[in-house]
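These are my notebook entries on a single chain. I set out to look up its sheets, its cores and its charged pairs.

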Amino acid sequence: MAEHLRGIGVSPGRAAGPAYRMTPAPRVPDPSPVADPEAEAEQVIAALAAVAADLDRRASAAGTGPAADILRAQAMMAQDTELVEAAAAKARAGCTAAAAIDAALAVHRQAFQAAGGYLAERVADLDDIRNRAVATCLGLPAPGIPTPDHPFVLVARDLAPADTAELDPERVLALVTEEGGPTSHTAILARALGLPAVVMCGGALDLDHGVSVVVDGTTGEVTAGVDAASVAATRVAEQRRRLRLASASGPGRTADGHPVALYGNIGSAKDLHGDLEGVGLFRTELLYLNRTDPPDRDEQAAAYAEVFAAMAGRRVIVRTLDAGADKPLPFLRQGAEPNPALGVRGLRLARRRPNVLRTQLEAIAQAARQTSAQVWVMAPMVATVAEAQRFVAACRDAGLPTAGAMVEVPAAALRARALLSVVDFLSIGTNDLSQYTFAADRQCGELADLLDPWQPALLELVAGCASAGVAAGKPVGVCGEAAADPRLALVLTGLGVTSLSMAPRAVSEMREALAAHTLAECRQLATEALATDETRSDRNGAAVG
């Protein structure tokens, strides 16, 4: 008899096949006498260095994009001087190398959780470093993806960046995790790879190894114990769906012709593929990673020009550096903050380092002059009209005529009309807007229901921004992960959003969803979504179809 599980669908599509669980994390042996504490300390240092080197290797193999960025940041964690010294000190005090690493990372883990915000999101990264380093000390294989000789559905408690970065879509059919959330690494990278994915799926780890399952990454349904005929039928239907999507092209429009621009979220020119109307979020952080000094204007301009040239004649919206104390970059040399998520990040960095923003804007303008792309620029973490005014003035001084603001802070959403009297457009980052609206860390699995983009409170903020855009005659887009949900895309369209930006692989799905519904139907779905107090995971997708 089939068993039905339910989680949150975070990457659309359906897949079927045998389910296999991740290799479990190594257990630290019971305490034992240490003959040579200094040798144990040396083993600690070597193990953490080996993990960092392996993560750097994986980052290089991943190239560019979210996976590479995440892995490089994780490698920096593994070589953090404070962590290495703390673990070595515990070894010199009489712990085995494995126990010393376990204990030191437990302290860091607790500190990250207490800090909240972005650092709390990195707890899973610390756990992965711990597991890999402990396995190295014990001479065991690192926890990781199983390797059966046939395609399979991967089941895990959660997936570490090092695992998701090396997923082979030809072998892994879908992802199912018991933890995680709509904005977790698992969700983001699954969408980038085009893999169906379900997170927060209770009971997934209790599934028998090799049991046949059907995974629906749209509704969040996981059905276990299905027969061979169901597996075959699901695969045929999904193959037909993918072929149909691949053959579609053209701009995003509803069934009655209402335009909704479909853009891609990218980190570099290598991320560009598919039929994109433009780029709605060009993340520029990649240029700044692992550096003790920021890239100069010419280096930045060369990287930006590569994207602009590839998108000749189309719109490219560049987000200025989104970093700060909660996303530490070595060259910033920022000290600790009581609550990094509420600290100096994004545009606020210009308060301390105005030259960083000035140089970046000059580089963007330099690159823009070499291309026919429509280059727009937006600032992250805008909270007030005064901040927006200063940013617009800086853009104008650099020779950039079109400047906008990201809406990630509730204050910005509530003052959308006033912001639009200053800026040329708004782009809503639903990931951070959810986090700040509900005071819920994005990686806290227990709070995934609060971070669900179907929450009516979040949709009301989006609606307010869209309404302000209509009144001002200026565009308001969504560039958060919510834009990659084909059902939510209909609701956002009904709320008045003018563009949706997502992982490029998701664009075809959004195009098809829009083409199947009229604007009036989208508005009705938006009205229904705003009227309910239930989230998507509670409704099981019943409100829209």
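**Entry 1: helices on the open sheet**

I looked up helix α8 (residues 185-193) and found that α8 lies across β2, β5 (172-177) and β6 (197-199), running at about 45° to β2. I note here that the model is a predicted one. I then took helix α9 (residues 228-247), which lies across β3, β5 and β7 (212-216) and runs at about 125° to β3.

Next I traced the sheet itself. Eight strands form an open sheet, and I read their order as β1-β8-β7-β3-β4-β5-β6-β2, with mixed pairing. The edges are held by β1 (3-6) and β2 (8-11); each has a single partner strand, so one side of each is left without a neighbour in the sheet. Direction ignored, neighbouring strands of this sheet are turned by 30° against each other on average.

Within the sheet I checked one pair of strands. Strand β3 (residues 14-21) and strand β4 (residues 152-156) run parallel and are joined by three bridges. I located Tyr20 and found Leu154 in β4 as its bridge partner.

**Entry 2: the barrel**

I followed a second set of strands. Eight strands close into a barrel in the order β9-β10-β11-β12-β13-β14-β15-β16, and the pairing is parallel. The average turn between neighbouring strands here is 25°, direction ignored.

I looked more closely at β11 and strand β12 (residues 374-379), which run parallel and are joined by five bridges. Val316 stands opposite Val375, a residue of β12. Helix α13 (residues 385-398) packs on the sheet, where α13 touches β12 and β13 (403-407); the direction of α13 makes about 145° with that of β13.

**Entry 3: nonpolar cores**

Which residues touch the most other members of the largest nonpolar core? I found Phe308 and Leu500, in a core of 93 residues. Helix α12 (residues 354-368) gives the most to this core, with eight residues. Apart from this core lies another, of 31 residues, including Ala88, Ala91, Ala97 and Leu105.

I listed the contacts of Phe308, leaving aside neighbours within four places in sequence: Phe282, Val316, Val318, Ile364, Ala367, Ala368, Thr371, Ala373 and Val375. Both residues of the facing pair in the barrel, Val316 and Val375, are thus among the contacts of Phe308. As background, nonpolar side chains tend to be buried together in soluble globular proteins.

I also looked up Ala98, placed in helix α4 (residues 97-115). Ala98 is buried, because its relative accessible area is 4%, under the 20% limit. With neighbours within four places in sequence left aside, Ala98 is in contact with Val28, Val134, Cys137 and Leu138. I recorded a separation of 13 Å between the C-alpha atoms of Ala98 and Val51, which are 47 residues apart along the chain.

**Entry 4: salt bridges**

How many salt bridges does a search of the whole structure find? I counted 22, and I examined several of them individually.

Asp30 and Arg27 meet through their side chains in a salt bridge (3.8 Å, N to O). Are Asp30 and Arg27 buried or exposed? Both are exposed.

Arg132 and Asp128 form a salt bridge through their side chains (3.0 Å, N to O). The two are four residues apart in helix α6 (residues 123-138), so about one helical turn separates them. Arg132 counts as buried at 5% relative accessibility, and Asp128 is buried with a relative accessible area of 5%.

Glu509 forms a salt bridge with Arg241, and the closest N and O atoms are 2.3 Å apart. Since Glu509 lies in helix α19 (residues 507-515) and Arg241 in helix α9, the pair ties together parts that are 268 residues apart in sequence. Glu509 counts as buried at 14% relative accessibility, and Arg241 is buried as well, with a relative accessible area of 13%.

Finally, I noted one network, in which salt bridges that share partners join Glu285, Arg319, Asp322, Arg345 and Asp432.

**Entry 5: Asp322**

I singled out one member of that network. Where is Asp322 placed? Asp322 is in the loop between β11 (315-319) and α11 (349-352). Asp322 is buried, with a relative accessible area of 2%. The side chain of Asp322 makes a polar contact with the side chain of Arg345 (3.5 Å).

How values were computed
Residues numbered from 1 in each chain as written. Predicted model: local features only at pLDDT ≥ 70, side-chain atom pairs only at ≥ 80, totals over all residues. Heavy atoms only, no water. Buried < 20%, exposed > 50% of the residue type's maximum accessible area, 1.4 Å probe, protein only. Polar contact = N/O pair within 3.5 Å; in protein donor to acceptor, adjacent residues only side chain to side chain. Core = buried A, V, L, I, M, F, W, Y, C linked by side-chain atoms within 4.5 Å. Contact = heavy atoms within 4.5 Å. Pairing = 2+ DSSP bridges. Axes fitted to C-alpha atoms, helices over the stretch in contact; angles between N-to-C directions. Salt bridge = Lys/Arg side-chain N within 4 Å of Asp/Glu carboxyl O.
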